Amino acid sequence: LVSIQGQKLSVDRSFLQGSVPLTISGAYFPYDAYKDSVYMPLVRVRLGHVDTSGTILSSTSMTCTVPANSAGTYPVEISLDGQSFASLNFTFDYFPTPSVSSITPTKVLEHGTLIL
């Protein structure tokens, strides 16, 4: 696990509900050892205190679906055994879904006609 190098995240932020595909690009992912192995289900990605299953796609990338989490900035970690996690020196930001509470102006004149 120590030799895996993370070089890039496909996304580094999400709304709180997650469900965004995340690809981690790097080097030395053990694809050949895991591709047809019973160990692939043990691969995990952790964002802060929440983890999710991961899949090693090749020796240079892995993927997961971002889990739901609370607002904040969290370290990105991976595990090949489902227990021991190692940091990839990335952070991931979660933020609330924006909402609109009002719009101003509420009425507009267009060519002399009132538009609501």
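**Figure 1. Pairing of strands E1, E3 and E6 in the predicted model.** Strand E1 (residues 5-9) runs antiparallel to E3, and four bridges join the two. The structure shown here and in the legends below is a predicted model. Within the pairing of E1 with E3, Gln5 faces Ala27 of E3. E3 also pairs with E6, again in the antiparallel sense, over five bridges. One position in the pairing of E3 with E6 is Ser25, whose bridge partner in E6 is Ser61.

**Figure 2. The hairpin formed by E5 and E6.** E5 and strand E6 (residues 61-65) are antiparallel and share four bridges. Two residues lie between E5 and E6 in this hairpin. Ser58 is placed opposite Ser61 of E6. Ser61 also appears in the pairing of E3 with E6, as the bridge partner of Ser25.

**Figure 3. The hairpin formed by E4 and E5.** Strand E4 (residues 44-47) pairs with E5 over four bridges, in the antiparallel sense. Arg44 stands across from Ser53 in E5. The hairpin has two residues between E4 and E5, and Gly48 in the turn has a positive phi of about 70°.

**Figure 4. Surroundings of Thr52.** Thr52 belongs to strand E5 (residues 50-58). Is Thr52 buried or exposed? Its relative accessibility is 15%, and the limit for a buried residue is under 20%, so Thr52 counts as buried. With neighbours within four places in sequence left aside, the residues in contact with Thr52 are Val43, Arg44, Val45, Cys64, Thr65 and Pro67. Among them, Arg44 is the residue that stands opposite Ser53 in E5.

**Figure 5. The aromatic pair Phe15 and Phe95.** In the whole structure, a search finds three aromatic pairs. Phe15 and Phe95 form an edge-to-face pair, with 4.9 Å from centre to centre and 65° between the planes. This pair links distant parts of the chain, since Phe15 lies in strand E2 (residues 13-15) and Phe95 in strand E8 (residues 86-95), 80 residues apart. Phe15 counts as partly exposed at 30% relative accessibility. Phe95, at 31% relative accessibility, also counts as partly exposed.

**Figure 6. Other groupings that involve aromatic rings.** Tyr74, Phe92 and Tyr94 make up one aromatic cluster. A charged group and a ring meet at Arg46 and Phe85: the charged end of Arg46 sits over the ring of Phe85, 3.8 Å from the ring centre.

**Figure 7. Positive phi at Tyr28.** Tyr28 is not a glycine, yet has a positive phi of about 70°. Most residues other than glycine have a negative phi. Where is Tyr28 placed? Tyr28 is in the loop between strand E3 (21-27) and helix H1 (31-34). With a relative accessibility of 53%, Tyr28 counts as exposed.

**Figure 8. Positive phi at Asn89.** Asn89 also has a positive phi without being a glycine, with a value near 60°. Asn89 is part of strand E8. The relative accessible area of Asn89 is 72%, so this residue is exposed. Strand E8 (residues 86-95) also holds Phe95 of the pair in Figure 5.

**Figure 9. The chain as context for the close-ups.** The protein chain has one helix and 10 strands. Along the sequence, these elements follow the pattern β-β-β-α-β-β-β-β-β-β-β. The radius of gyration is 20 Å, well over the 13 Å that the globule rule gives for 116 residues, so the protein chain is more spread out than a compact globule. Taken along the principal axes, the C-alpha atoms fill a box of roughly 70 × 25 × 25 Å. Of the 116 residues in the protein chain, 32% are buried. Among contacts in the protein chain with a separation of 6 or more, 56% are between residues 24 or more positions apart. The protein chain has an accessible surface of about 7,200 Å², and carbon and sulfur atoms account for 54% of this surface.

How values were computed. Residues numbered from 1 in each chain as written. Predicted model: local features only at pLDDT ≥ 70, side-chain atom pairs only at ≥ 80, totals over all residues. Heavy atoms only, no water. Buried < 20%, exposed > 50% of the residue type's maximum accessible area, 1.4 Å probe, protein only. Contact = heavy atoms within 4.5 Å. Phe/Tyr/Trp six-rings, centres within 6.5 Å; stacked < 30°, edge-to-face > 60°. Lys NZ or Arg CZ within 6 Å of the ring centre and 35° of its normal. Rg over C-alpha atoms; globule rule 2.2 N^0.38 Å. Areas by Shrake-Rupley, 256 points an atom, 1.4 Å probe, with all protein chains shown as cover. Pairing = 2+ DSSP bridges.
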